[in-house]
Amino acid sequence: MIGRLNHVAIAVKDLEKACATYKAALGAKISAPQALPEHGVTVVFVELPNTKIEFLEPLGENSPIAKFLEKNADGGMHHICYEVTDIIAARDALVKAGARVLGDGTPKIGAHGNPVLFLHPKDFVGTLTELEEVKA
Ligand code: CO
């Protein structure tokens, strides 16, 4: 079921500062910021040869990363995202196996325009895990 590593997401308090650090220190290629109000974040992609890093900055009142940043003042790794070819089949198999899908279990459209779901960190070795449907 599990496919390629799509991205690793890092929550940050200051997107501009995070991008400046990655540009200056690492020479990274970084996309323009994209506001995703329905996910409560503004996102930027750091393009790497084999995957992406996403910086997530809170957007709006009830950002899902606000609490994380209260506990991790300097920012930190927030989640990891794996590709699947059929997100509904993946969800159904995981739920059947006892895994908890966050929210109501209906995929949302993520930052890349593809359906995404999140799996409970307690079921996946302490790491919030995102699945993104990417057609082969
Ligand atoms: Co993500």
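This note sets out points on the strands, the nonpolar cores and one loop residue of a predicted model.

1. Strand β6. Of the nine residues in strand β6 (residues 76-84), seven are buried, so this strand is largely enclosed by the rest of the structure. It has pairing partners that include β1 and β9, taken in turn below.

2. Pairing of β6. Six bridges link β6 to strand β1 (residues 5-11), and the two run antiparallel. With β9 the sense is parallel, and five bridges join the pair. Cys 81 appears in both pairings: His 7 has Cys 81 as its bridge partner in β6, while Cys 81 has Glu 130 as its bridge partner in β9. The reader may wish to follow this path in the model, from His 7 to Cys 81 and from Cys 81 to Glu 130.

3. The largest nonpolar core. This core holds 13 residues, and Val 12, Ile 30, Val 44, Val 46, Ile 53 and Phe 55 have the most contacts inside it. At least two of its residues come from each of β1, α1 (15-26), β4 (41-47) and β5 (52-58). The largest share is that of α1, with three residues.

4. Phe 55. Residues up to four places away in sequence aside, Phe 55 touches Ile 10, Val 12, Leu 15, Ala 18, Cys 19, Tyr 22, Thr 42, Val 43, Val 44 and Val 46. Among these, Val 12, Val 44 and Val 46 are also listed with Phe 55 as having the most contacts inside the core.

5. A second core. Separate from the set around Phe 55 is another core, of 11 residues. Its members include Ala 11, Leu 36, Val 41 and Ile 65.

6. Thr 42. Thr 42 lies in strand β4. Its relative accessible area is 12%, under the 20% limit, and it therefore counts as buried. Beyond its neighbours within four places in sequence, Thr 42 is in contact with Leu 15, Pro 33, Gln 34, Ala 35, Phe 55, Leu 56, Glu 57 and Leu 59. The contact with Phe 55 also appears in the list given for that residue.

7. Val 125. Which residue other than glycine has a positive phi, near 45°? The residue is Val 125, found in the loop between β8 (115-119) and β9 (129-133). Most residues other than glycine have a negative phi. Val 125 has a relative accessibility of 82%, over the 50% limit, and so it counts as exposed. Val 125 is thus an exposed loop residue, whereas Thr 42 is a buried strand residue.

Key. Residues are numbered from 1 along each chain as its sequence is written. This is a predicted model: local features need pLDDT of at least 70, side-chain atom pairs count only at pLDDT 80 or more; totals for chains, interfaces and linings use all residues. Side-chain values use heavy atoms; hydrogens and water are left out. Helices (H or I, at least four residues) and strands (E, at least two) are DSSP runs, numbered from the N terminus. Buried means under 20% relative accessible area, exposed over 50%, partly exposed in between (1.4 Å probe, protein chains only). Two strands pair if DSSP finds at least two bridges between them. A nonpolar core is a set of buried Ala, Val, Leu, Ile, Met, Phe, Trp, Tyr and Cys residues joined through side-chain atoms within 4.5 Å. Contact means heavy atoms within 4.5 Å.
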